[in-house]
Amino acid sequence: MKLLDHIKLIPRNNWDYGFKALFGALAGIFNNTAQAPNIENIFQQKPIWTNSGRTSLYAILMSLELPAGAKVGVPLFCCSVVFNAICQAGLSPLFLDSNINDNNISVEDLRKKRGDLAAVVAVHMFGNPCDMYSIIAAADTMPVIEDCAQSIFSTYKGKQTGLLSTASFFSFRCGKYISAGEGSPIFCRDLELQKEIERIVNSFESWSTIKMFIHSLMTFFKATLYNRPWYGLIGYPIGMRLDKKLNLTAKDGFETEKIASTHLALIDARIARFQEKINIQREHAHMLLNSVVPGNFSLPSEGNGCSSNWYQFALRFQNTNQRDVMADYLLNKGIDTSKYLDNIADEARSNYGYFGDCPNAELLSKTILLVPIHYNLHTCDIEHIARTINEGSQII
Ligand SMILES: Cc1ncc(COP(=O)(O)O)c(C=O)c1O
């Protein structure tokens with residue numbers, strides 16, 4: 001790639017954390033922000049806050065007081081930190097297959113494995129809601145936990161995701177829709193369970209002022225490397241070369257903490273008008289849907305009765321080779337993409353006892369390519385992406 005191409009490289013993820021975010025977060029330290037009225041208004045419920053989605057899931061699972069080692073159903077096509085959180089809670093993941101058409105949990109597989117399960121985690125993958133009523137019916141009396149890490153403001157049959165199940169959690173870590181550094185609200189309608197979750201979360205560590213300060217500065221620094229022009233010049237080449245060691249979005253650890261006031265301040269300031277950003281991203285998705293000609297790949301769509309927030313735009317190819325050729329083609333034209341969860345089956349096999357019974361999920365992990373449609377891209381970027389996908393499909 002030429003220098004100009006490096007400068008213009010469109011990042012795969014959206015780390016929206018500039019100066020304004022930094023100052024908003026730091027104001028949280030000085031104001032000692034402890035409330036988030038905007039999110040309470042939106043969800044008509046008071047959330048319980050933790051530092052991250054994985055911590056929230058851990059707290060919910062602990063509150064359920066399931067027998068040690070009990071099996072929790074979770075889609076294999078899911079971020080492995082979720083599997084880890086299940087293990088941290090003294091439970092074990094039992095992997096569920098996904099639907100090829102919407103990347104979400106297969107209700108049929110859930111029905112098959114239901115007898116072995118004590119709870120199930122339903123992930124709204126890429127912001128597209130799962131078929132929640134069918135999942136809840138298949139789960140019967142078993143608790144269903146909604147993983148809304150990717151689905152802020154998505155709706156299922158007119159209802160917000162996060163309000164459809166026993167308990168739910170979101171993630172507002174950088175790279176997710178609301179890039180606030182970290183932070184995760186838990187919603188739970190069962191008052192007894194809510195009290196228990198609160199009790200568990202109250203036992204977590206709080207953030208010191210110095211830690212909040214350093215974390216905000218580090219987040220700002222990493223976000224700078226994750227945005228143009230620095231992404232193509234520094235973030236991408238270093239991230240690729242050092243892979244995991246400096247993979248800018250990877251965060252593998254597990255640390256149970258309360259939410260920092262820096263994160264809370266930023267989340268609450270952003271969420272009030274966030275629907276506007278989602279509307280822009282939705283327009284971007286529709287631009288691609290209207291101008292990309294499906295060929296050796298299929299385009300994403302919204303589920304029946306669902307409104308997706310279009311957190312990600314996933315192309316699904318007929319095979320891995322075609323996906324990889326398209327990814328290389330796009331990269332050469334200045335568009336970075338993500339082979340999301342490419343190694344998830346191997347990772348789950350090595351670390352979490354997966355034994356190969358989720359063929360659709362394995363296929364998805366090897367054939368899905370996420371292309372950027374972030375709300376802060378320009379119309380000309382989206383036109384460039386559409387044009388380049390159409391060109392690329394001629395050579396695969
Ligand atoms: C589907 C899903 N669930 C849970 C998580 C965990 O969220 P966090 O990184 O805030 O712990 C992620 C984030 O990577 C995710 O993508």
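This is a tour of a predicted model, with selections to make in the viewer and a note on what each one shows.

**Stop one: a pocket**

Start with the space between the atoms. Rolling a probe the size of a water molecule over the atoms shows where empty space is left. The second largest pocket holds about 470 Å³ of space. To find it, select A34, W49, K258, I259 and L264; among the 21 residues that line this pocket, these are the closest to its centre.

Which elements supply at least two residues each to the lining of the second largest pocket? Colour strand 1 (48–50), helix 8 (191–202) and helix 11 (261–271) to see them. Helix 8 gives the largest share of the lining, with three residues. By residue type, the lining of the second largest pocket divides into eleven nonpolar, six polar and four charged residues.

**Stop two: a salt bridge within helix 8**

Stay on helix 8 and show the side chains of E196 and R199. These two form a salt bridge, and their closest N and O atoms are 2.7 Å apart. E196 and R199 are three residues apart in helix 8, so about one helical turn separates them. Are the two partners buried or exposed? E196 is buried, with a relative accessible area of 18%, whereas R199 counts as exposed at 53% relative accessibility.

**Stop three: unusual backbone**

Next, turn to the backbone. Most residues other than glycine have a negative phi, and most peptide bonds are trans. The next three selections are N32, Q44 and the bond between R228 and P229.

Select N32, in the loop between helix 2 (19–31) and helix 3 (37–43). N32 is not a glycine, yet its phi is positive, near 50 degrees. The residue is exposed, and its relative accessible area is 57%.

Move along the chain to Q44, in the loop between helix 3 and strand 1. Here too a residue that is not glycine has a positive phi, about 55 degrees. Is Q44 buried or exposed? Its relative accessibility of 66% makes Q44 exposed.

Now select R228 and P229. The peptide bond that joins them is cis, with omega at about 5 degrees. P229 sits in the loop between helix 9 (209–225) and helix 10 (230–242).

**Stop four: a link between distant parts of the sequence**

The structure contains 19 salt bridges. One of them joins the side chains of R12 and D336, at 2.8 Å from N to O. Show both residues together. Which parts of the chain does this pair tie together? R12 is in the loop between helix 1 (3–8) and helix 2, and D336 is in the loop between helix 13 (320–332) and helix 14 (344–352), so the bridge ties together parts 324 residues apart in sequence. R12 is partly exposed, with 21% relative accessible area. D336, at 2% relative accessibility, is buried.

**Stop five: helix 14 and a network**

Go on to helix 14 and select R349 and D346. Their side chains meet in a salt bridge with an N to O distance of 3.3 Å. Both residues lie in helix 14, three residues apart, or about one turn of the helix. R349 is partly exposed at 38% relative accessibility, and D346 is also partly exposed, with a relative accessible area of 44%.

Then select R323, D324, K339, D342 and K366 as a group. Salt bridges with shared partners join these residues into one network.

**Last stop: cysteines**

Finish with the sulfur atoms. A disulfide is a covalent bond between the sulfur atoms of two cysteines. How many disulfides are counted here? The count is zero.

Two cysteines can be checked by selecting each with its closest cysteine neighbour. Select C87 and C78: the sulfur of C87 has its closest cysteine sulfur in C78, 12 Å away, which is too far for a bond. C87 is partly exposed, at 32% relative accessibility.

Then select C188 and C148. For C188, the closest cysteine sulfur is that of C148, at 13 Å, again too far for a bond. C188 counts as buried, with 4% relative accessibility.

Notes. Residues numbered from 1 in each chain as written. Predicted model: local features only at pLDDT ≥ 70, side-chain atom pairs only at ≥ 80, totals over all residues. Heavy atoms only, no water. 1 Å grid on protein atoms, 1.4 Å probe; cavity = no way out; pocket = protein on both sides within 12 Å on 5 of 7 lines; lining within 4 Å. Points joined across faces, edges and corners; volume = space filled by probe spheres on them. Helix = DSSP H or I, 4+ residues; strand = E, 2+ residues; numbered from the N terminus. Nonpolar A, V, L, I, M, F, W, Y, C, P; charged D, E, K, R; others polar. Buried < 20%, exposed > 50% of the residue type's maximum accessible area, 1.4 Å probe, protein only. Salt bridge = Lys/Arg side-chain N within 4 Å of Asp/Glu carboxyl O. Disulfide = S-S within 2.5 Å.
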